[in-house]
Amino acid sequence: MIDMDGFSENIRQVLAVLPDKPGVYLMRDAAGKVIYVGKAVVLKNRVRSYFRKLSSHSPKVAAMTAKVADIETIVTTNEVEALILECNLIKKYRPRYNISLKDDKTYPLLKVTVMEEFPRVFATRRHLRDGAKYYGPYADAGAMHAALSFLRGMFPLRTCRKMNARPCLNYHIKKCLAPCAGLVSRKEYGNMIKSVCMVLDGRTRDLERDLKKSMKEASESYAFEEAARLRDQLKAITKLNEEQKAVTDGGDMDVIGFARAASGICLELFFVRKGKLIDRDKFFFADGGETEEEIVTAFVKQYYGDAAFIAREIAVHALPQEEELPAIKNWLSERAGRKVDIISPSRGVKKDLIKMANDNAAKLLEERFRKGQLDIKNNLDAAEELQKALGFGEPLSRMDCFDISHTQGAETVASMVVFRDGSMSKKDYRRYKIISAEGKPDDFKSMQEVVYRRYRKYEDLPSLIVIDGGKGQLSSALEVIRGLGIDVPVIGLAKREEEIFKEGQKKSILLDRDSAALHLIQRIRDEAHRFAITYHRKLRGKRNLVSVLDHVEGIGPKRCEALRKVYKTLDEMKAATAEELAAVEGMNSGAAEKLYNFFRLDLPEKKEMVK
């Protein structure tokens with residue numbers, strides 16, 4: 001029985017639809033940050049186990065589980081794929097509850113002492129230039145030790161630092177070949193180390209072939225004990241390779257999965273590097289009725305236009321449009337500096353990888369739809385809870401929130417964001433350049449200006465107006481709003497103590513810290529602040545650009561405006577060549593040369609200007 005007391009409806013929904021397959025799960029906190037990555041033979045059983053008998057968990061697991069706000073799963077074919085993917089996701093996200101190490105210098109590695117006569121394989125945290133082979137680093141020490149145990153179970157490796165004159169216990173329990181006592185030749189032991197390195201390199205298919213050949217030769221030479229040992233190794237390697245579709249022939253490949261549902265379209269991009277599935281990314285699109293080929297074509301062109309690395313092969317279910325395919329291939333090859341092929345395999349491992357990507361894309365769409373429906377319900381519930389907490393009789397179907405942003409009175413702007421039924425309505429957002437208080441900081445006058453400009457001729461009035469600020473800002477806004485004859489509830493939200501001020505009440509309202517109502521009002525206020533400060537920074541950047549250009553000989557108002565249309569920031573303009581600057585409308589080579597040289601002057605006053 002799952003103990004779901006204290007857990008959100010979102011967690012309940014996630015647990016209800018967990019797949020009965022192997023894979024990887026990512027636990028996220030309320031901010032969306034990955035706090036734990038794990039693997040499972042059966043995702044449904046493993047993930048659900050975190051929410052059974054919570055009192056039996058260790059303090060660490062209990063603390064982690066209490067912070068889980070959402071769970072994401074990635075389905076794989078078998079546990080080996082899940083382990084490989086888990087390790088790479090841990091390296092990427094560095095989750096708090098997986099590791100506490102801060103940088104790669106302290107991560108554990110696997111060391112193969114190939115410089116020794118009879119090499120050893122062990123874990124270390126020191127990477128020395130001693131001729132040894134190192135594998136890793138491993139962000140998850142547990143995964144690294146699991147790999148080491150697997151290797152020692154498969155190969156009877158020497159573990160002692162100093163070789164004695166007689167065999168130790170490991171030899172008698174068949175865990176070592178006793179090179180110390182001369183019971184194995186250097187060549188035979190070296191072949192075993194070669195096999196170990198092939199496993200760590202991911203070349204298990206090659207190793208399987210070599211073991212079959214060696215086992216046959218040993219059997220034909222009547223070395224039955226050696227043949228039996230090789231047979232056991234071959235079984236272990238065969239098990240490792242069993243249905244391992246996330247491991248190809250060792251090349252680099254991107255796999256694009258496609259899924260379409262009523263909620264939209266999802267492309268799942270798997271990254272295969274050196275034969276191993278190391279990560280994935282996902283992209284959602286609105287369904288405009290385009291064919292799969294059209295969507296893949298547009299995606300390949302847009303995504304790989306900015307990609308830092310392009311794999312040698314891009315595997316897709318449906319090839320890009322036939323008329324564009326040759327040009328796209330040539331373009332990708334030119335960008336990569338080598339041949340890049342786009343394939344649609346009909347059988348084999350690559351076909352299975354595409355199926356796995358398609359299945360994950362379909363699962364993501366299902367989860368997205370479920371979360372969207374759940375978000376709508378949660379937002380409606382939060383709006384209803386806020387309505388009751390504030391004592392309003394009408395539902396808060398629409399809330400407008402205002403915020404002011406400036407730098408010591410300069411570039412004063414205001415924002416208005418709109419939430420409908422507890423959800424953001426970005427098409428209704430508005431931003432304003434404040435005129436009345438420009439040049440001097442006056443939030444009260446700025447707030448009066450923006451609410452006046454908004455509501456003086458506006459008929460679609462909200463259910464609630466939220467003013468970001470305390471009693472002063474609220475009183476200033478109310479003076480204008482009531483003066484316009486608008487009878488809509490207005491509240492002020494003071495950030496310091498999250499106090500809510502209502503009209504005509506001296507005492508503020510403090511909502512429960514864990515209430516959905518408080519979280520909703522905080523989201524509204526934070527969104528208004530984000531929208532305002534983004535606009536303010538944009539205007540401030542333009543002002544700084546103009547200010548700097550005023551100091552360059554030959555750059556007047558017209559040229560300044562032309563430059564500003566082409567280069568949005570100082571950094572973009574500084575990076576341009578003299579020829580590119582001269583190509584701007586109204587510029588000439590002389591003015592471009594002066595501007596180019598100005599950015600490269602090493603004067604303290606100029607450095608202060610272009611900050």
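**Helix packing, a buried arginine and aromatic pairs**

Helix α13 passes helix α14 in a right-handed crossing. This comes from a predicted model, so everything below describes that prediction. The axes of α13 (residues 443-455) and α14 (residues 471-483) come within 8 Å, and they cross at roughly 35 degrees. On the α13 side, the contact is made by Asp443, Phe444, Met447, Gln448, Val451 and Tyr452. On the α14 side, Gly472, Gln473, Ser476, Ala477, Glu479, Val480 and Ile481 do the job. Sorted by class, that contact holds seven nonpolar, four polar and two charged residues.

Next up is helix α12, which covers residues 348-390. With 43 residues at 1.5 Å each, α12 should span 63 Å, and its end C-alpha atoms turn out to be 62 Å apart, so the two values agree. Right after α12 comes glycine 391, with a positive phi near 75 degrees.

Arginine 398 sits in strand β12 (residues 398-407). Its relative accessibility is just 3%, and because buried means under 20%, arginine 398 counts as buried. So what does arginine 398 touch, leaving out residues up to four places away in sequence? The list runs to Met416, Val418, Phe419, Arg420, Arg454, Tyr458, Asp460, Pro462, Ser463 and Leu464. One of these, Arg454, falls within helix α13 (residues 443-455).

Then there are the aromatic rings, where the count comes to eight pairs. Take phenylalanine 118 and tyrosine 189: their ring centres are 5.4 Å apart and their planes meet at 80 degrees, and since over 60 degrees counts as edge-to-face, that is what this pair is. Phenylalanine 118 belongs to the loop between β4 (109-112) and β5 (121-124), while tyrosine 189 belongs to helix α7 (residues 186-200), so the pair ties together parts that are 71 residues apart in sequence. Both phenylalanine 118 and tyrosine 189 are buried.

Another edge-to-face pair is formed by tyrosine 222 and phenylalanine 224, with 6.0 Å from centre to centre and 80 degrees between the planes. Are these two rings' residues buried or exposed? Tyrosine 222 has a relative accessibility of 65%, so it counts as exposed. Phenylalanine 224 is exposed too, with a relative accessible area of 52%. Finally, Tyr25, Tyr36 and Tyr50 are linked into a cluster by ring pairs.

Key
Residues numbered from 1 in each chain as written. Predicted model: local features only at pLDDT ≥ 70, side-chain atom pairs only at ≥ 80, totals over all residues. Heavy atoms only, no water. Helix = DSSP H or I, 4+ residues; strand = E, 2+ residues; numbered from the N terminus. Expected span 1.5 Å × (residues − 1). Axes fitted to C-alpha atoms, helices over the stretch in contact; angles between N-to-C directions. Left-handed = near helix turned anticlockwise from the far one by under 90°. Contact = heavy atoms within 4.5 Å. Nonpolar A, V, L, I, M, F, W, Y, C, P; charged D, E, K, R; others polar. Buried < 20%, exposed > 50% of the residue type's maximum accessible area, 1.4 Å probe, protein only. Phe/Tyr/Trp six-rings, centres within 6.5 Å; stacked < 30°, edge-to-face > 60°.
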